[in-house]
Amino acid sequence: TRPSLSSHFVYRSGRKNDYSANMGRMHSKGKGMSKSSIPYKRSAPLWCKTSPDEIKDMIAKMAKKGMTPSQIGVILRDNHGIPQVSTVTNSKIMRILKGQGLAPTLPEDLYCLIKKAVSVRKHLERNRKDMDSKFRLILIESRIHRLARYYRLAKKLEPNWRYESSTASTLLTK
């Protein structure tokens with residue numbers, strides 16, 4: 001017999017008391033159970049010969065070119081053979097950028113949602129009868145408002161910051 005749980009808990013195996021609190025997606029059906037895991041060992045691997053100062057310089061150069069923190073991490077992993085910045089430098093990419101004054105003004109996930117909303121709105125200007133895109137724009141903008149509320153409470157955005165569709169494209173150019 002299984003105890004009753006709210007809809008966002010998932011019963012993972014036949015073992016007793018083995019529950020996982022996995023939230024579902026906001027506007028789709030998926031629960032998102034599959035994921036990769038980072039290595040347990042938190043020290044830098046022996047085969048990584050790049051020094052922390054070199055990595056910090058590379059991060060600063062890429063940030064000055066206008067790359068996002070996740071793009072920087074992907075390039076360091078794929079092109080320079082640095083598995084995880086935090087194991088080598090003992091600091092995450094965003095913390096390094098904040099320390100050097102190069103951190104983006106908007107959090108990256110909020111920036112990407114705003115970018116998506118601007119492109120959908122531009123599409124709707126050309127294709128006025130596309131009702132599916134209109135519905136998707138409403139969903140994207142509700143995600144933006146929810147995320148903005150979180151970042152205002154977490155003090156990563158100013159308390160008076162508001163998303164307005166008329167000025168959204170100017171937010172992307174900053």
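## Lys155 and Asn90: two loop residues

At 70% relative accessibility, Lys155 counts as exposed, because the cut-off for exposed is over 50%. Lys155 lies in the loop between helix 6 and helix 7, in a model that is predicted. The phi angle of Lys155 is near 60°, which is a positive value in a residue other than glycine.

Asn90 can be described in a similar manner. This residue sits in the loop between helix 3 (85–89) and helix 4 (93–99), and its phi is positive, at about 60°, although Asn90 is not a glycine. With a relative accessible area of 69%, Asn90 is exposed.

## The protein as a whole

How many helices and strands are there in the protein? The protein has seven helices and two strands, and a reader who follows the sequence meets them in the pattern β-β-α-α-α-α-α-α-α.

Of the 174 residues in the protein, 27% are buried. Among the contacts between residues at least 6 apart in sequence, 52% join residues that are at least 24 apart.

## Helix 1 and helix 2

A general point helps in reading this pair: two packed helices are described by the angle between their axes and the distance between the axes. The axes of helix 1 and helix 2 (residues 69–80) come within 10 Å and cross at roughly 125°, and the two helices are therefore oblique to each other. Helix 1 passes helix 2 in a right-handed crossing.

Which residues of helix 1 and helix 2 meet? On the side of helix 1 they are Ile55, Met58, Ile59, Met62 and Ala63, and these meet Ile72, Ile75, Leu76 and His80 in helix 2.

## The two sides of helix 5

Helix 5 runs over residues 108–126, so to speak a stretch of 19 residues, and reaches 28 Å from its first C-alpha to its last, which is close to the 27 Å expected at 1.5 Å a residue. The buried residues of helix 5 are Leu110, Leu113, Ile114, Ala117, Val120 and Leu124. Why do they lie on the same side of helix 5? They cover an arc of only 125° around the axis, and this puts them on the same side of the helix. In general, an α-helix has 3.6 residues a turn, so residues three or four places apart point the same way.

These buried residues of helix 5 pack against helix 6 (131–153) and helix 7 (168–173). The face of helix 5 turned away from its buried side carries Lys122 and Arg126, which are exposed.

## Contacts of helix 6: Glu141 and Met26

Is Glu141, a residue of helix 6, buried or exposed? Glu141 has a relative accessible area of 15% and is buried, because the limit for buried is under 20%. Not counting residues up to four places away in sequence, Glu141 touches Ala117, Arg121, Tyr163 and Ser165; one of these, Ala117, is also among the buried residues of helix 5.

Met26 is placed in the loop between strand 2 (19–20) and helix 1 (52–64), and at 34% relative accessibility it counts as partly exposed. Leaving aside neighbours within four places in sequence, Met26 is in contact with Ser142, Arg143 and Arg146. Met26 and Ser142 are 116 residues apart along the chain, while their C-alpha atoms are separated by 10.0 Å.

Technical notes
Residues are numbered from 1 along each chain as its sequence is written. This is a predicted model: local features need pLDDT of at least 70, side-chain atom pairs count only at pLDDT 80 or more; totals for chains, interfaces and linings use all residues. Side-chain values use heavy atoms; hydrogens and water are left out. Helices (H or I, at least four residues) and strands (E, at least two) are DSSP runs, numbered from the N terminus. The expected span of a helix is 1.5 Å times one less than its number of residues. Buried means under 20% relative accessible area, exposed over 50%, partly exposed in between (1.4 Å probe, protein chains only). The arc is that of the directions from the helix axis to the C-beta atoms. Contact means heavy atoms within 4.5 Å. Axes are lines fitted to C-alpha atoms, for helices over the stretch in contact, and angles run from 0 to 180 degrees between N-to-C directions. Angles under 35 degrees count as roughly parallel, over 145 as roughly antiparallel, 65 to 115 as roughly perpendicular and the rest as oblique. A crossing is left-handed if the near helix is turned anticlockwise from the far one by less than a right angle, and right-handed if clockwise.
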